[in-house]
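Here are my notes after a pass through the model you sent over. I've kept them short, so read them with the viewer open.

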Amino acid sequence: MRIGKLFSPVRSADADELRAYMASHDEGTYTLLDVRQPGEYEKEHIPGAKLVPLAQLTEAATDMDPDKPVYVY
Amino acid sequence: MGGRSRVAAQLLSGMGFRDVYNVAGGIRAWNGAKAEGPVEFHLEFLTQGDTPARILPLSFNMEKALEDFYLAVKEQTGDQDLSATVTKLAEIEHKHQERIMSLGETLGVERDDFDDAEEGRDRRMEGGIDVEEFLAANKEFLNDVEGILNVAMIIETQALDLYLRIARDVKNDLTANALYALANEEKQHLALLGDLLDVKLEEKSAT
């Protein structure tokens, strides 16, 4: 196990940064993930977000492109 | 309710995603609100070595911490559904400890290594998990059933992340398979907790 790999700090983006990013990048070039439950997603979500509840994340990730930026909320 | 996205982002970066961002404040921040999320388990102990003698006691501690968390919730909650769920999960996490211990025996890990790790649990400087401290730090997020489920999902995701990361790097097949089996069960717990969260949110919006 490589020491430190476990602690790659997760970068964060605030809502304004995400808005700016979404405005300046084409759909399909990045992934916006909503990891909450379906009920929460139905109530409201960020436009364009893909719903993947936590329990399904590892499976869903195998179909995602690891080179594309991912924004998670 | 925040915090789930941060552990999700950790999980994804562990799976090789290079460019992952946690959207701070989530949907609430998107709507203009300021929001702070719960804290996760303190997991600095993971920077230790890679032998089963290191990994298994640490995994054991993670399971013990999960069990203690569920037992503490059971003690506090008046919600019957939540109580039934955490009782069941506490039992499974207890069995996980037994499985990790017996895997340790198979691999020749000394009992002392487990005992040392257990002692370390209470010493924050050693990177142990102190459940009381964890509960105190998250007090404001544990006031209702939804908050408790949210925090439970955060730590189950951390356990899942822990097992997947170690399993991918571990050289011994027996250990790797045992860790994948544990990871799969934590994933089932996440599904269980998620379903209950959906039910509770529905009940809340119906009243």
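The points below go through each chain, then the contact between them, then one residue of chain B.

1. Before anything else, keep in mind that this is a predicted model. Everything that follows is computed from it, so to speak, on paper.

2. Let's take chain A to begin with. Its secondary structure comes to three helices and four strands, and these alternate along the sequence as β-α-β-α-β-α-β, reading from the N terminus. Of the 73 residues in chain A, 32% are buried. As for contacts with a separation of 6 or more, 40% of those in chain A join residues 24 or more positions apart.

3. Chain B is built from eight helices and one strand. Along the sequence the pattern reads α-β-α-α-α-α-α-α-α, with a helix coming before the strand. Buried residues account for 49% of the 207 residues here. Among the chain B contacts with a separation of 6 or more, 69% are between residues 24 or more positions apart.

4. Now for where the two chains touch. How many residues does each chain bring to the contact? Chain A supplies 35 residues and chain B supplies 41 residues. On the chain A side, the elements giving two or more residues are β1 (11–13), α1 (15–24), α2 (38–43), α3 (57–61) and β4 (70–72). If you colour that side of chain A by residue class, you should get 22 nonpolar, seven polar and six charged residues.

5. The strands deserve a look too. Which strand of chain B pairs with β4(A)? It is β1 of chain B, residues 20–23. The two run in the parallel sense, and three bridges link them. For a spot to centre the view on, try A:Val72, which sits opposite B:Asn22 of β1(B). β4 of chain A also turns up among the elements listed for the side that touches chain B.

6. Last, a residue in chain B: B:Arg168, part of helix α7, which covers residues 145–169. Is B:Arg168 buried, exposed or partly exposed? It counts as partly exposed, because it has 14 C-beta neighbours inside 10 Å, while a residue needs 20 or more to be buried and 12 or fewer to be exposed. For a sense of distance, B:Arg168 and B:Asn31 are 137 residues apart along the chain, and their C-alpha atoms are separated by 38 Å.

Definitions and conventions: Residues are numbered from 1 along each chain as its sequence is written. Chains are lettered from A and ligands numbered from 1 in the order in which they are written. This is a predicted model: local features need pLDDT of at least 70, side-chain atom pairs count only at pLDDT 80 or more; totals for chains, interfaces and linings use all residues. Two residues are in contact if their C-beta atoms, placed from the backbone, lie within 7 Å. Ala, Val, Leu, Ile, Met, Phe, Trp, Tyr, Cys and Pro count as nonpolar, Asp, Glu, Lys and Arg as charged, and the others, Gly among them, as polar. Two strands pair if DSSP finds at least two bridges between them.
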